[in-house]
Amino acid sequence: EWGAYDLPYRLHPTPGSTLILGAGMGNDVAAALRNGSERVVAVEIDPLILRLGEERHPEEPYASPKVEVIVDDARSFIERADEQYDLIVFSLLDSHTNVSHFSNIRIDNYVYTVEAMEAARQLVAPDGLFIIKFQVEQPWIAERLRKLLKQAFGADPIQMLTDSTFGTRGRLFVSGSPDRIQKLLRNPRVRRHIRAAPQTEVDHVRVTTDDWPYFYQEEPGLPASVILMTLVLV
């Protein structure tokens, strides 16, 4: 019930429309259908992952007539979309590249910027919620996401940990309708999950923008590994 896939629907039960960015093989889509969403737009950049989900997911979420599948980059989609959704889920968006975190090749850098969050906010319905699911391993990553959402939505997001059978727990950042947020804060079960999530504040963390989109770099500058390899090559 409080796992990473079903938890968004404990916060916004039976949304009329759901946008999932980073739909992958279909776990988030299946959860949306299980929890009564009437329409699901599933955006995934990798057509091979989508095909594997269509072939192998036991719940066959991509076969549902309620699901619209779009092969596109998340940032590209939110910049062009003109529809509002009751629930938007950024689902563990990470390009999983084999290059360094400091590389500008990582396409997900441009998903986690102020401009991207502000564009996504325009797609949230007046009574809707916007949720980022992320595997936070460093306190400054959590702080950066908090600052991004606060700047885009005008208020601190709710932070919650998900239940998990794995060794680590994911974290949800929840923004959106102030009335719905206040209603959630009055729910004792939700408050318990909020208290379980360490609220870290790292003052020096810079907010990422399209001009400086290095989400996985703590501070501006050259990493020591880049300097060392440059010296070795010279």
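# Group meeting talk: rings, strands and charges

Hello everyone, let's begin with the rings: there are seven aromatic pairs in this structure. A pair here means Phe, Tyr or Trp rings (for Trp, its six-membered ring) with centres within 6.5 Å; planes under 30 degrees apart are called stacked, over 60 edge-to-face, and the rest tilted.

Before I go on, a word about what you are looking at. This is a predicted model, in which local features need pLDDT of at least 70 and side-chain atom pairs count only at pLDDT 80 or more, while totals for chains, interfaces and linings use all residues. Residues are numbered from 1 along each chain as its sequence is written, and side-chain values use heavy atoms, with hydrogens and water left out.

Now, back to the rings. Take Phe134 and Phe215: their ring centres are 5.6 Å apart and their planes stand at 75°, so this pair is edge-to-face. Where do Phe134 and Phe215 lie? Phe134 is in strand β5 (residues 124–134), and Phe215 is in the loop between α8 (188–196) and α9 (224–233), so the pair ties together parts that are 81 residues apart in sequence. When I say helix or strand, I mean DSSP runs numbered from the N terminus: H or I with at least four residues for helices, E with at least two for strands.

Are Phe134 and Phe215 buried or exposed? Both are buried. Buried means under 20% relative accessible area, exposed means over 50%, and partly exposed is in between, using a 1.4 Å probe and protein chains only. For Phe215, the relative accessible area is 0%.

Phe215 also has a ring partner in Tyr216: the centres are 5.1 Å apart and the planes are at 85°, so this pair is edge-to-face too. Tyr216 is buried, at 10% relative accessible area. Ring pairs link Tyr112, Phe134, Phe215 and Tyr216 into a cluster.

Let's turn to the sheet. It is an open sheet of seven strands, with mixed pairing and the order β3-β2-β1-β4-β5-β7-β6. At the edges stand β3 (67–71) and β6 (158–161), each with a single partner strand, so one side of each has no neighbour in the sheet. From one strand to the next, the twist averages 15°. Angles of this kind run from 0 to 180 degrees between N-to-C directions, with axes as lines fitted to C-alpha atoms, for helices over the stretch in contact.

As general background, strands of a sheet pair through backbone hydrogen bonds, either parallel or antiparallel. Two strands count as paired if DSSP finds at least two bridges between them. Here, strand β4 (residues 85–91) and β5 pair in the parallel sense over six bridges, and Phe90 stands opposite Ile132 in β5.

One more residue to find in the sheet is Leu19, which sits in strand β1 (residues 17–21). Leu19 is buried, at 0% relative accessibility. Its C-alpha atom is separated by 9.6 Å from that of Phe130, although the two residues are 111 residues apart along the chain.

Next come the charges. A salt bridge means a side-chain nitrogen of Lys or Arg within 4 Å of a carboxyl oxygen of Asp or Glu. How many salt bridges does this rule give? The count comes to 12.

Let me show you three of them. In one, the side chains of Glu59 and Arg34 meet at 2.7 Å, N to O. Glu59 is in the loop between α3 (47–56) and β3, while Arg34 is in helix α2 (residues 27–34), so the pair ties together parts 25 residues apart in sequence. Glu59 is partly exposed, at 43% relative accessibility, and Arg34 is partly exposed, also at 43%.

In another, Glu68 meets Arg39, with the closest N and O atoms 2.8 Å apart. Glu68 belongs to strand β3 and Arg39 to strand β2 (residues 39–44), so this salt bridge ties together parts 29 residues apart in sequence. Glu68 is partly exposed at 34%, and Arg39 is partly exposed at 29%.

My last example is Asp127 with Arg180, whose closest N and O atoms are 2.6 Å apart. This pair links distant parts of the chain, with Asp127 in strand β5 and Arg180 in helix α7 (residues 178–185), 53 residues apart. Asp127 is partly exposed, with a relative accessible area of 40%, whereas Arg180 is buried, at 16%. There is also a network: salt bridges that share partners join Asp6, Arg34 and Glu59.
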